[in-house]
Amino acid sequence: MKFRWTSVAWSIAYLLLLLSLSTPLLIITTLFLTIPAVVLFTTLSTKQFIVHLLPILLIVGLITPVYVLLALYFLIPALVMGRWYKRRSSALSTIMAGTVTILGEFLLLLVIGTALFNFDLSTYVNDMMQMVMSPLSDLGTGNPMISEFNLTSEDVNTISHMTIQVIPMTLILSSFMMAVITHSIVRPILNSMGYAVPKLKPAREWRLSRSFIWYYLLGVVISLFSGNSDSSFMLMISANLLPLLQIVFKIQTIGFVFFLVHERKWSKIVAILLSLLVVWLPGLWIIGIIDIAFPLRELVKKSKR
């Protein structure tokens with residue numbers, strides 16, 4: 001993309017998204033903050049990109065230097081994904097590169113916060129839980145109809161502990177979702193601008209490696225042993241590994257659903273409805289394991305003949 005109004009428009013969009021971080025809209029706009037930077041970095045030369053970026057940093061820096069830090073924080077994954085787009089890497093490779101970068105930034109932020117500012121994640125989560133639960137408890141005390149909200153300090157501590165246990169899985173899923181959203185929006189934009197980038201394989205072709213089954217069995221073994229263990233590390237692995245793999249197997253199950261619908265020449269609406277059932281109903285992820293472990297798709301093809 002040459003220096004033209006389109007790139008200026010994306011620069012303005014980037015500026016507005018950064019400024020939105022001081023408003024309640026940040027819950028939504030945070031998910032889209034990397035998009036303008038990815039588009040600009042992919043379609044401009046490095047020199048042109050810097051020319052567009054500097055005025056943005058200058059403007060937000062005049063408001064508060066915190067905006068500059070936030071801009072740089074979201075800029076790093078944008079540069080990584082933009083770099084992968086420039087190399088015409090596969091869509092999955094680009095998404096994974098973005099996921100790893102975002103996750104790395106989350107972890108680096110925690111390390112810096114702990115080392116330099118004595119940030120204690122456990123205390124923070126517990127304080128947040130106390131702040132959220134206190135109004136509900138007060139409401140329950142004054143109204144017998146909702147007395148179940150009257151939680152004790154022990155209940156709040158238990159919920160806080162459970163929340164902390166699943167933070168690794170939450171960070172991984174959040175990073176992955178941000179990368180997927182970015183790719184889902186950026187790819188058609190780049191294509192419309194004449195910068196064709198690879199798209200993900202059709203859902204019907206999604207096939208995971210069989211090694212995921214061994215990872216799951218390992219998680220089951222760890223879960224069995226961690227039940228009587230005092231090790232917080234083992235408990236955290238147990239609380240995160242199995243649910244995370246079950247989500248992966250749900251994705252595999254959705255892939256099988258699309259394959260089945262494609263082979264039977266059913267409407268794609270059927271595939272979407274069945275996929276929603278897979279997401280909503282517990283236990284259907286087992287189909288994903290069966291699809292990986294056994295030649296289920298070959299049986300579907302044979303049954304057509």
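**Thr94 and the pairing of helices 5 and 6**

Thr94 is buried, with a relative accessible area of 0%. That value comes from a predicted model, as does the rest of what follows. Thr94 has its place in helix 6. Setting aside neighbours within four places in sequence, Thr94 touches Met81, Trp84, Tyr85 and Ser89.

Helix 6 spans residues 91-117, and it packs on helix 5, which covers residues 65-86. The two meet at an angle of about 160 degrees, and their axes lie 9 Å apart. Since angles over 145 degrees count as roughly antiparallel, that makes helix 5 roughly antiparallel to helix 6. As for handedness, the crossing of helix 5 and helix 6 is right-handed. On the helix 5 side, the contact is built from Leu72, Tyr73, Ile76, Pro77, Val80, Met81, Trp84 and Tyr85. Helix 6 brings in Ser93, Thr94, Ala97, Gly98, Thr101, Ile102, Glu105, Phe106 and Leu109. Sorted by character, the residues of this contact come out as twelve nonpolar, four polar and one charged.

Further along the chain sits helix 9, made up of residues 167-192. Its 26 residues reach 38 Å from first C-alpha to last, close to the 38 Å expected at 1.5 Å a residue. Quite a list of helix 9 residues is buried: Ile167, Met169, Leu171, Ser175, Met178, Ala179, Thr182, His183, Val186, Ile189 and Leu190. After helix 9 comes Gly194, with a positive phi near 90 degrees.

Notes:
Residues numbered from 1 in each chain as written. Predicted model: local features only at pLDDT ≥ 70, side-chain atom pairs only at ≥ 80, totals over all residues. Heavy atoms only, no water. Axes fitted to C-alpha atoms, helices over the stretch in contact; angles between N-to-C directions. Helix = DSSP H or I, 4+ residues; strand = E, 2+ residues; numbered from the N terminus. Parallel < 35°, antiparallel > 145°, perpendicular 65-115°, else oblique. Left-handed = near helix turned anticlockwise from the far one by under 90°. Contact = heavy atoms within 4.5 Å. Nonpolar A, V, L, I, M, F, W, Y, C, P; charged D, E, K, R; others polar. Expected span 1.5 Å × (residues − 1). Buried < 20%, exposed > 50% of the residue type's maximum accessible area, 1.4 Å probe, protein only.
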